Structures are given as C-alpha cells and as structure tokens.
Amino acid sequence: MSNQALTITRRDLRDTLSDWRTLIPLCILSVLLPLILRAGVAQAVSFLDDEFISRSLVPLGLLIAGFLPASLSLIGPLESFVGERERATLESLLAMPLSDRGLYLAKFFAALLPPVGSSAVAMVIYSVAIEFGRPIRMASLPNRVFLSEYLTSAWILGITAILLIKVFTMVAAAVYVSSHTTSIRAANLLASFILIPMAILVQIESLIIINGMVLPIILINGLLLVVGLVMVGWGMYSFNREELLSREHETISKRSSTQRLSQATTTHGPVLTILRREATDTLSDWRILIPIGLLTFLVPIGALFGVIYAYSNVETPEGVVNLMPFIVLLVGFLPASFSLIVALEVFVGERERGSLESLFSMPISDGQLYRGKLLAAIVPPIGASLIAMLLFGVGLSIFAPTALLGRIDLAIFSQMVLLSIAQALAMVSAAVVISSHTNTVRLANLLASFILVPVAIMVQLEAVLIIGERYDVLNAIMAVMLILTIVLSRTGIGSFKRESILSREHLALNFSQINRALNAFISEIRPAGTNPDKHLPLFYVQTAHGPERKLSAWIKRFYRQELAVVWRETRLALAVVLICCLAAIIFGSQFTPESQREQSLANIMTRLDVNRGALVTAKFGNLLSTNLFAIFFAGLFSALSLGFFGLMLPVINLMSIAFRASTLAASGGIGAGLNYLVAYELPHGLIEIPLSMFAAALALRLGASLAFVPPTYSAGRHLLWAWGMYLKVFCLVIVPGFVLAGLVEVLLTPVVYQTVYGFLGI
C-alpha cells in the first residue's frame, strides 16, 4: 500500500477514535456486552441443567459477543464515502494522487479495522470471563463445572474464523453502499439489507451449532467469503471519482418541504404540521418502507411457522408453549428496534441534509417543534410493532394447533402488546434526546447502544419473568417504562434550544481537558452547574494566606461542608431508593413459589436455606473486595441505565433477606425468622445496608446526569461532575464504611451467631 493510501487509512482511524461519542459506545459493546453474555450463559446453564445444551450455549455466547460489536461498528464503513460528501471533504479526498482502486482499497481497510478490533476485544473479554469465572452448579452433575470446559481452543479458532469472514463481508458490502449513495441516512437505511440477512444467518448458524453440525458451517462461511471478495472486487471496478462527484441527491428536498411548513402551520397547527411533513417524507422513501415492511411482515410470518414447526418436532413441546408470550413480545420488539433509525435522525438528520436552518426558522416555539418531532418519531415504531403483533396473533388463531395457544389468552396477548408499546415509547424518547444532542448521524447511531443494550437486557429479564409467569412484575416494568418515557420527554423539551444546536461543533476527545474538569469536581463538591475553573486544585484548601495543599484539611472540609452538598444533590434519589427498598422488602416477605420453576428461580436468586440462617465464614479481604467491586462497577454502569444497575444491589439484597426470613418464619415460627435476622444480618447489616442504599442513590444521581442537564453544563460535563462526586464519596464514605462492616462481619457476627444458635455453623 502506498504512502498516500496509508495516510488516508490513518486519517480515518484518527477521526474515528478522536471523538468520545464514537469511542465510548464501541467500548461499552466490546467490554460490557461480553460480561453480560457470560453472566446470562452461566444462569442459563445452571437453570436448564442440560450438559448437551451447555456445550453449545457457551460457544454460541462467543459468537454473539463478537458479532454484535462488529455489526454496530458497521456505521463507520457505511459513511466511508458518503460521510465525506456530507462533511464537505469529498473533493479534497478525491484530489489525492491515488488511483481509483487505490483510494477505494485505502478506505476499505480503514473501514475494516474498527469492526475487527471491537469484535476481537469482545471475544477476548468473553473468553477470559469464561476461563476465570466461578464454577457453575448443575443438579444433574455431582460437582460444580467450569464453563471453560465447554469453550475449547477448537471452538475459539473456528468462531474467530467465522466472525472474520462475516466482518469482512459486511464491511465490503457497507463500503460499496457508501460509494453509491448520496446521504448518510440512505446508507444507514440500506444497511438493513446487510444486517437483516446477516442476523438471520447468525440465527441459522446458532441452530446448527446447537445441533453439533460442522460441515454446513464450513459451506455457509465459504460461500460468504466468496461473496465478500466479489463485493470488494466489484466495488473497486465500479468506483469512479467523476461519477461520485456528479451524483445528485435523489431524495425529497427537505428545504422546499420546510418552506411549505411555514405556510401550513397557521392552518393545521405547528405540531400536526410537523407530523404530517415527517409522515410524508417517511412514507415516500422506499429505503425506509422496504426494511420496515420486511420486518413488519416477514418476522411474524417466520415466527409463526417457526413455532408451529418446533411444536410439531421437538420431544417436549411444553417448552415452546411456555415461550409463546415471549415470542409475541419479540415479534413486536424487532420492527420497533429497527424503526429507531427514524427517531435517531429527527434533528441530526436535518443538519446533515442542510435543512436544519430552514426548519428552525419556522414561527413556532422550541417546545412545539420538539413535540412535533417526537410525535412523528413515535408513529413508525408503534405502527410497525402493532401490525407485526396483530399479524402474528391472527396467524396463530388460524394456523396454530389449539394446544399451542395454552399459554396465550386475550389478556396476556394484550399485556404483551402494551408492554411492547411501552418499550417502543421509551426507546424513541431516548433516541430523540440523543438526536437533539449530537451533530452527526453516525454519532447518533453509535450512541444508540445506550438505548439498545439496556433494553436488550430488559427483554432478557422479561423472558425469565414470562417463563416464571410473573405477569405482575411485567406490569411494574411497563409502568417504569412509561415513567421513563415521561421523564425523557420532559428532559428533551426542557433542554432543547435551537441556538445551542445550531452552534454545536465537533467535540474531540481532549483527555487533558477531561482530566482537569474531573480533578476539579473531585477536589470540591459543589452544586451542579458551577464552573470547574472556580474550584480549588486537588487536595488544596483556602486559607488566610491563599490556597494551600493540606490533605487533612481537605478531608475535614469534605465531612464538614461537602457532605451537606451531597445530601442536597441526592435527597430525591435517596427517596426513590427508600421506596424501592420498601417495595423489595414487602415483595420478598410475601413471595411464595407456586411452581417448581418459581422455586428454582427463588433458589438461584436467594440461595435459600430452609432450616436456619446458614453462617458462611469468609475472609475479610474477600468480603471487602467483593462488596466494593460490585458497588463500584454498578455505579460505573449506572450512567448507561439511568441508575438501574446501582439500584438493583440493595433491592435484590433486601428482597433476598426478607424472602429468607419470611420462609424461615413460615417453617419454624416467628422466632426462627427473628433469630436469622439478629444472628446473621443485623450485626454488619446495620452498617452495610444503609451504605449500599446511599451508594445506590449516588448511582441514581450519576445515571440521571445525562437526562437532567443544568443550563450551564453540557451532558458530558454534567456526567463528569456526577462521576467526580461518586468517586470522592466512594473513597471517603463507602470504602471506610464497608471496611468497618467487613470487620464486624468477620469478628462480631460469628459471636452473635454462636450466642443465638448455641454453636458456630460452618
């Protein structure tokens, strides 16, 4: 490769890795997703208790862990050429002294490296998590098993080769699409013709892997490699500078459409007028209609005949029957998740099409403009989801055997429809907020991982709840989704300002500036919105002679002054944590497993001992490291889930304690439950539980930093402020408190336990 080609490759990689909004989503999918998959695989292996399935599930997790980051990284290849056009740098790129084929190859290799890198990182993290993870207990085996036994070197090499071929083919197709389209929006929409077939192919390969067949995998990927090589060759052959420069925009003129809006506003009202304009533009673009139409009609048809086939051919059809409500939910979720593309570009797409200024010149308020765009973004996913679910329901009633409908009645079907609508509303509300706070379609699509990853985790949780027939909890999730929709909508309307959007520039990843701001926020905890330049340097305090470096005085200032600021900033979050913890205690004390499946889930979640509180002796270091590790990383990931991860720690812990105490009381009387609480939980729990609730409130405040931004802060600066407060409180309050709780648990709890029960349990 020539020096000019290497220059183009280096430039594209530098642009990709210099923007935090590009880098952070890739890191999240490459790091967080493999850990989630490992945890999910471990729970599935323990719950299913089938060694044959386990040998397939663990390698299958590696395939998914590598495929999902690579598929999201496809956003870069999709704009390799068309992105240059919309950033007005295409002419300077095409003026470089390179042949057409050399230029195409340079852009191809620059587009190939990020997907390969993100996929490789995800696979390494998943493999390491499998290798060093704790052993899993299976009822059918006498000893615990290590998941690493099911992930052999042959599986790792084979799946690595499979993923490299898939990434190569997807990037080849994406670069070809980018060189033959006129806008990033068109490229992203046409990407569905790459991602949908590839996702279907991964599902087919998953079934083949579960059945242990190797030859079909080799044939499929051999053919796929040929397709990728043909796409690269055809792209090099058909690439022409002059044709690319002379290509005109083929889509609807947004400028003229926006000018007509100003005249129609007085007739129909601002919100309705914007809704009509967006609906007209969406329904007149075949690149939107065809992918959404395919998902809306083919997914329910494929799911319908898939479940009928599975019911007729599997040995235990009860499993298919139990999954029917979840399949209904999944049929509605898939079209809605793809329709998110429309919501992600409601504002940033106008910027890249050059119609943002004319749209903002309309004589309407910021709130009316935002509500009109939000309503227009809601219609496609809700419509696609409803049509798909209704089509699936009608098909079931006509073609499915009566026994297959044993778990679905009108009430459950309606609940799945409402839950799907609630999820779509929450996703669209978050997508519109992202669209109004980014300056490129590429970044908006990358930041969509902040939406899709938590929702995908929620869908997995809903699957478990459906299997366990906990429809009351599904109603609670639905209510949370609706509340989240209201919060995100109000946040978007409150933070939407035309001037800030018009003046927003590219934000480079400036590590020195980030470090200065974070140090300032850690140095002094002041109310959100204060300028970090006014903070004292780290470890400095104000004295009569000016700022001086005094560590002891810096710590004293925290306990005397800054804790009051922390209290004011987190008091609402603390109220939310208290309400959730009370609900967890009530739920845990009243919950009674009514089936073997619910009993199995209860045993996994709470480690129930029906005889008495079982004292598990542990080393101080293990206790401290485990607790602090869980709290720290729950807070870190709370920024991705509006505090959900941090809140779950005290909620699950208190629900477990209440469930265990109530079960012991039911079997041995109230005294048995009280003995368990006094002997095992209260000595260290009096310190540990309030601290975990305080940490959960800090995590909620951290998660809310991206949703509620002070007027003087950007979203990134507010996140740094919340993270600085979390780190300082964690180091000066949480860590000392858990050190004390650990000492009490190791030294005092065994004494109290021996006093209550009369002996020391091992």
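In this predicted model, the side chains of E569 and R701 meet in a salt bridge, with N and O 3.4 Å apart. E569 lies in helix α28 and R701 in helix α32 (residues 670-704), so the pair ties together parts that are 132 residues apart in sequence. R701 has a relative accessibility of 13%. Because buried means under 20%, R701 counts as buried.

By the rule applied here, the count comes to three salt bridges. Another of them joins E562 and K728, whose closest N and O atoms are 2.7 Å apart. E562 is in helix α28, while K728 belongs to helix α33 (residues 715-757). This pair therefore ties together parts separated by 166 residues in sequence. Both partners, E562 and K728, are buried. E562 also meets R557 in a salt bridge, at 3.0 Å from N to O. The relative accessible area is 4% for E562 and 11% for R557. R557 is thus buried as well. Together, R557, E562 and K728 are linked in a network of salt bridges.

Helix α28 (residues 551-590) also holds T570. The relative accessibility of T570 is 0%, so this residue counts as buried. Neighbours up to four places away in sequence are set aside for its contacts. T570 then touches F694, A697, L698, R701 and M725. R701 in that list is also the salt-bridge partner of E569.

The whole chain gives the setting for these details. Its secondary structure comes to 33 helices and two strands. The chain has 762 residues, and 52% of them are buried. The exposed area is about 34400 Å². Carbon and sulfur atoms supply 68% of that area. Contacts with a separation of 6 or more were also examined. Of these, 82% are between residues 24 or more positions apart.

Nonpolar side chains come next. In soluble globular proteins, such side chains tend to be buried together. The largest nonpolar core in this chain has 75 residues. F392, L396, L404 and V432 have the most contacts inside this core. Helix α22 gives the largest share of the core, 16 residues. Apart from this core lies another, of 61 residues, with V41, A42, L63 and L147 among them.

Helix α22 itself covers residues 410-436. This helix is mostly covered, as 22 of its 27 residues are buried. Its length can be checked. At 1.5 Å a residue, the 27 residues should span 39 Å. The C-alpha atoms at the ends of α22 are 39 Å apart, which agrees.

F392 shows what the surroundings of a core residue look like. Neighbours within four places in sequence are again left aside. F392 is then in contact with P300, A303, L304, M324, I327, V328 and V331.

Another contact set is centred on F326, in helix α17 (residues 324-338). F326 has a relative accessible area of 15% and is buried. Without its neighbours within four places in sequence, F326 is in contact with V459, A463 and I466. F326 and I466 are 140 residues apart along the chain. Their C-alpha atoms are nevertheless separated by 6.5 Å.

Helix α21 (366-399) holds residues with contrasting cover. K373 is found in this helix. With a relative accessible area of 0%, K373 is buried. K373 touches I274, R277, E278, V346, F347, E350 and L359, not counting residues up to four places away in sequence. I387 also sits in helix α21. At 44% relative accessibility, I387 counts as partly exposed. The reason is the cut-off, because partly exposed covers values between 20% and 50%.

I387 is also part of a nonpolar patch on the surface. The patch is formed by F297, I301, F305, I387 and L391. Together these residues have about 440 Å² of accessible area. Helices α15 (286-313) and α21 are the elements that give two or more residues to the patch. The largest share, three residues, comes from α15.

Technical notes:
Residues are numbered from 1 along each chain as its sequence is written. This is a predicted model: local features need pLDDT of at least 70, side-chain atom pairs count only at pLDDT 80 or more; totals for chains, interfaces and linings use all residues. Side-chain values use heavy atoms; hydrogens and water are left out. Patches are made of residues with over 30% relative accessible area and no salt bridge: like charges are joined within 9 Å, nonpolar side chains (Val, Leu, Ile, Met, Phe, Trp, Tyr) within 5 Å. Accessible areas come from the Shrake-Rupley method with a 1.4 Å probe; for residues, only the protein chains shown count as cover. A salt bridge is a side-chain nitrogen of Lys or Arg within 4 Å of a carboxyl oxygen of Asp or Glu. Helices (H or I, at least four residues) and strands (E, at least two) are DSSP runs, numbered from the N terminus. Buried means under 20% relative accessible area, exposed over 50%, partly exposed in between (1.4 Å probe, protein chains only). Contact means heavy atoms within 4.5 Å. The expected span of a helix is 1.5 Å times one less than its number of residues. A nonpolar core is a set of buried Ala, Val, Leu, Ile, Met, Phe, Trp, Tyr and Cys residues joined through side-chain atoms within 4.5 Å.
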